[in-house]
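Have a look at this model with me. I will ask how each label was earned, and then work through the reply.

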Amino acid sequence: MGTKGIEIVGMDVNKLLNLLNKAYSDEWLAYYQYWLGAKVVEGPMKEAVITELMEHAADELRHADMLTDRIIQLGGTPVTEPNKWYEMTNCGYDAPDDPYVKKILEQNIGGEQCAIGVYKSLLETTMTKDPVTYNIVLQILQDEVEHEEDLQSLLDDFEMMMKK
Ligand SMILES: [Fe+2]
Ligand SMILES: [Fe+2]
């Protein structure tokens, strides 16, 4: 924990840590949702969908890594109990109980849209207060925007194929 590094944060650090831990919980749940989705998914275009889901899972885990490093840097403690993820999450967890490709894509598009909203808000909160967190959040937001687009174009291809 660097004292000067924390001192320059122009907002309540505990409040910021809580927001970061909430996003951290989202990332773990998103990781698991993608990872399991890639294992169980069934239907047309399955291979392309699995590749995309596995890439996204890896990105969400990397986001959890980025957030936890920042939480520790700010003197906080990352959520230590997985059952707390459920209490802390903004976007929740959508179990892939229906393995059909279309359903899995739709669930994950919903998750990405929620994540985009969360990071947009976190970006606004930190904009003039904490440039270091702002930079991390911006990188994550860029990935989430890309994720939404990847999944929506897969869904478009799927719909097109089913119409033929
Ligand atoms: Fe993420
Ligand atoms: Fe994502």
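What follows is a set of questions and answers about a predicted model.

Q: What makes E27, E60, H63 and E144 the donors of the iron ion (ligand 1)?
A: A donor here is an N, O or S atom within 2.8 Å of the metal. The iron ion (ligand 1) has OE atoms of E27, E60 and E144 and the ND1 atom of H63 around it at 2.0 to 2.3 Å, so these atoms count as donors. E27 appears twice in that list, each time through OE. Along the sequence the spacing of these donor residues reads E-x32-E-x2-H-x80-E.

Q: Why can H63 and E144 be said to tie together parts of the chain?
A: H63 belongs to helix α3 (residues 46-73) and E144 to helix α6 (residues 131-163), so the pair joins parts that are 81 residues apart in sequence. H63 and E144 are also both buried.

Q: Which residues coordinate the iron ion (ligand 2), and at what distances?
A: E60, E112 and E144 through OE, and H147 through ND1, at 2.0 to 2.4 Å. E112 is listed twice. With a limit of 2.8 Å for a donor, these atoms therefore qualify. The sequence spacing for this ion is E-x51-E-x31-E-x2-H. Within this site, E60 in helix α3 and E112 in helix α5 link distant parts of the chain, 52 residues apart. Both E60 and E112 are buried.

Q: What makes E60 a bridge?
A: E60 coordinates both the iron ion (ligand 1) and the iron ion (ligand 2). The two ions lie 4.0 Å apart.

Q: Why is T89 called buried?
A: Buried means under 20% relative accessible area. T89 has 15%, so the label applies. T89 sits in the loop between α4 (82-88) and α5 (101-126).

Q: How do you know that T89 and D26 make a polar contact?
A: Their side chains are joined at 2.5 Å, and the cut-off for such a pair is 3.5 Å. Setting aside residues up to four places away in sequence, T89 touches K22, S25, D26 and L29.

Q: Is G76 buried or exposed, and what decides the label?
A: Its relative accessibility is 18%, so G76 counts as buried. G76 lies in the loop between α3 and α4. Beyond its neighbours within four places in sequence, G76 is in contact with L17 and I71. Its C-alpha is 9.1 Å from that of N21, although the two are 55 residues apart in sequence.

Q: What label does G117 get from its relative accessible area?
A: G117, in helix α5, has a value of 40%, so it is partly exposed. That label covers values between the 20% and 50% limits. The C-alpha atoms of G117 and E159 are separated by 26 Å, with their positions 42 residues apart along the chain.

Q: What makes a group of residues a nonpolar core?
A: The residues must be buried, of a nonpolar kind such as Leu or Tyr, and joined through side-chain atoms within 4.5 Å. The largest such core has 27 residues, and L20, Y24, L67, L74 and Y119 touch the most other members. Two or more residues come from each of α2 (13-40), α3, α4, α5 and α6. The most come from α2, which gives seven. L74 is in contact with I6, V9, V13, L16, L17, L20 and T133, leaving aside neighbours within four places in sequence. A second, separate core of 15 residues includes Y31, V49, L154 and F158.

Methods:
Residues numbered from 1 in each chain as written. Chains lettered and ligands numbered in written order. Predicted model: local features only at pLDDT ≥ 70, side-chain atom pairs only at ≥ 80, totals over all residues. Heavy atoms only, no water. Donors = N, O, S within 2.8 Å, 3.2 Å for Na, K, Ca; no water. Helix = DSSP H or I, 4+ residues; strand = E, 2+ residues; numbered from the N terminus. Buried < 20%, exposed > 50% of the residue type's maximum accessible area, 1.4 Å probe, protein only. Polar contact = N/O pair within 3.5 Å; in protein donor to acceptor, adjacent residues only side chain to side chain. Contact = heavy atoms within 4.5 Å.
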